[in-house]
Amino acid sequence: MSNKDNWKIWEVFIRSRNGLSHKHVGSLHAPDADMAIKNARDVYTRRSEGISIWVVPSDEITASNPEENEPLFTPADDKVYRHPTFYDIPDEIGHM
Amino acid sequence: MTKEMDMMEQFQQYVDGENKVEPKHWMPEAYRKTLIRQISQHAHSEVVGMLPEANWITRAPSLRRKVALLAKVQDEAGHGLYLYSAAETLAADRKDMIDDLLSGKAKYSSIFNYPTPTWADIGAIGWLVDGAAIANQVMLCRTSYGPYARAMVKICKEESFHQRQGYEIMMTLAKGSPEQKKMAQDALNRWWWPSLMMFGPTDEHSPNSAQSMKWKIKRKSNDELREEFIDKTVPQAEYLNLTIPDKDLKWNEDRQSYDHGEIDWDEFYNVIKGRGKCNKQRMAARNKAHEEGAWVREAANAYAEKQEARKQKQKGAA
Ligand SMILES: [Fe+2]
Ligand SMILES: [Fe+2]
């Protein structure tokens, strides 16, 4: 069978009405980007889930390697001073 | 300890800690295989599950019922797609899965090999079959494989209308004329036992369950899910004034749960082996639909090629 019978995979991202960023919702197969958008509309926005769709060929995505999670992500864990709760401000100052 | 055993141990600890396994993580080969089998069977069930109901779309008794049924069946197609996508994250190939379904090699839930001779069957399917599917799928929202769990969350959100539209159909019939009430009772009689079988063999005859539970693919046993379903459904049948076709069904005060009669497991295995009322019909319908859709796929290919060629030409000119 040619790969014509096995269309490539597209990852689908939807931006909802509430103004947040596009969010990954799943994937689907399509022969081209136009069809991918049309299919995404049918599959992922049947209940008004979105007002904008992005489709990206799956094989164009580079992902971080889970085996490198340690060096990539743990350095942030001990930097509590990056969070507002690290600083003591008296209650009478109010919300800051 | 060998490296492999070490990895297994780590994997178990990771899963025990209620962490989600993601596509790029190391996983035992048997975990991957079990998931591919389970997820693809689940996907096939969603797809074949459209057929018994599609039978009634053109004959729905009102426009309201028709749009609801159409939307439900369309949802099931979407569920199939979410699940095939989840299986693909485990390096299963979509085309292989579809081919296995069409050739009859792959299994799907045997509930869909029962016929839908009357409109009341559409009510009973939504109420009982989707109800049983929901019980299973709610559990699977907590399955250890991330993409499967996420697909389930999405599916569960969409499922609840399926059961409600089915129960509403049953309510209308049960409160209707004597003939309508009879139709509702008859549908309950025919769908009750097959619905209980949807949860699979009893725990003692379900040898693979233990490993699936250990890996947290499954979070509850077949019998546990089945009993929860019965406890939930009996009051719903009482509300309809319909009788569940099980003379041994009795509330057990000690267990705070219903005891039920013996399930006819011979029937279950017979249908699985292809001797159900509609196995052949379902496979024929699925194959026919696939063949008749060939021109659409060809047209989409031709269009994609033409667009690509045009784009290349423009690039060349620029
Ligand atoms: Fe479904
Ligand atoms: Fe459903």
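**Notes on the two iron sites in chain B**

1. Starting with the first metal: the iron ion (ligand 1) is held by E46(B) (OE), E76(B) (OE), H79(B) (ND1) and E159(B) (OE), at 2.1 to 2.3 Å. Bear in mind that this is a predicted model, and that the values here are computed from it.

2. What do the angles look like around the iron ion (ligand 1)? Its four donor atoms subtend 80 to 160°, so the arrangement comes out as irregular. Tetrahedral would need all angles between 85 and 135 degrees. Water is not among the atoms, so sites may look incomplete.

3. Along the chain, the donors of the iron ion (ligand 1) are spaced E-x29-E-x2-H-x79-E. The pair E46(B) and E159(B) links distant parts of the chain, 113 residues apart: E46(B) belongs to helix α2 (residues 29-48) of chain B, and E159(B) to helix α7 of chain B.

4. Now the second metal. For the iron ion (ligand 2), the coordinating residues are E76(B) (OE), D130(B) (OD), E159(B) (OE) and H162(B) (ND1), at 2.0 to 2.2 Å. The four donor atoms here subtend angles of 82 to 164°, which again gets the label irregular.

5. The sequence pattern for the iron ion (ligand 2) reads E-x53-D-x28-E-x2-H. Here E76(B) sits in helix α4 (residues 63-88) of chain B and E159(B) in helix α7 (residues 146-174) of chain B, so this pair ties together parts that are 83 residues apart in sequence.

6. How far apart are the iron ion (ligand 1) and the iron ion (ligand 2)? They lie 3.4 Å from each other, with E76(B) as a bridge between them. E159(B) also turns up in both donor lists, for the iron ion (ligand 1) and for the iron ion (ligand 2).

7. Are these glutamates buried or exposed? E76(B) is buried, at 4% relative accessible area. E159(B) is buried too, at 2%, and E46(B) counts as buried at 7%. The cut-off for buried is under 20%.

8. On to the cysteines, in case you were wondering about cross-links. There are zero disulfides over all chains. Take C141(B): its closest cysteine sulfur is that of C156(B), 3.6 Å away, which is too far for a bond, because a disulfide calls for sulfur atoms within 2.5 Å. C278(B), for its part, is buried, with a relative accessible area of 2%.

Technical notes
Residues numbered from 1 in each chain as written. Chains lettered and ligands numbered in written order. Predicted model: local features only at pLDDT ≥ 70, side-chain atom pairs only at ≥ 80, totals over all residues. Heavy atoms only, no water. Buried < 20%, exposed > 50% of the residue type's maximum accessible area, 1.4 Å probe, protein only. Donors = N, O, S within 2.8 Å, 3.2 Å for Na, K, Ca; no water. Tetrahedral: all angles 85-135°; square planar, octahedral: opposite > 155°, others 65-115°. Helix = DSSP H or I, 4+ residues; strand = E, 2+ residues; numbered from the N terminus.
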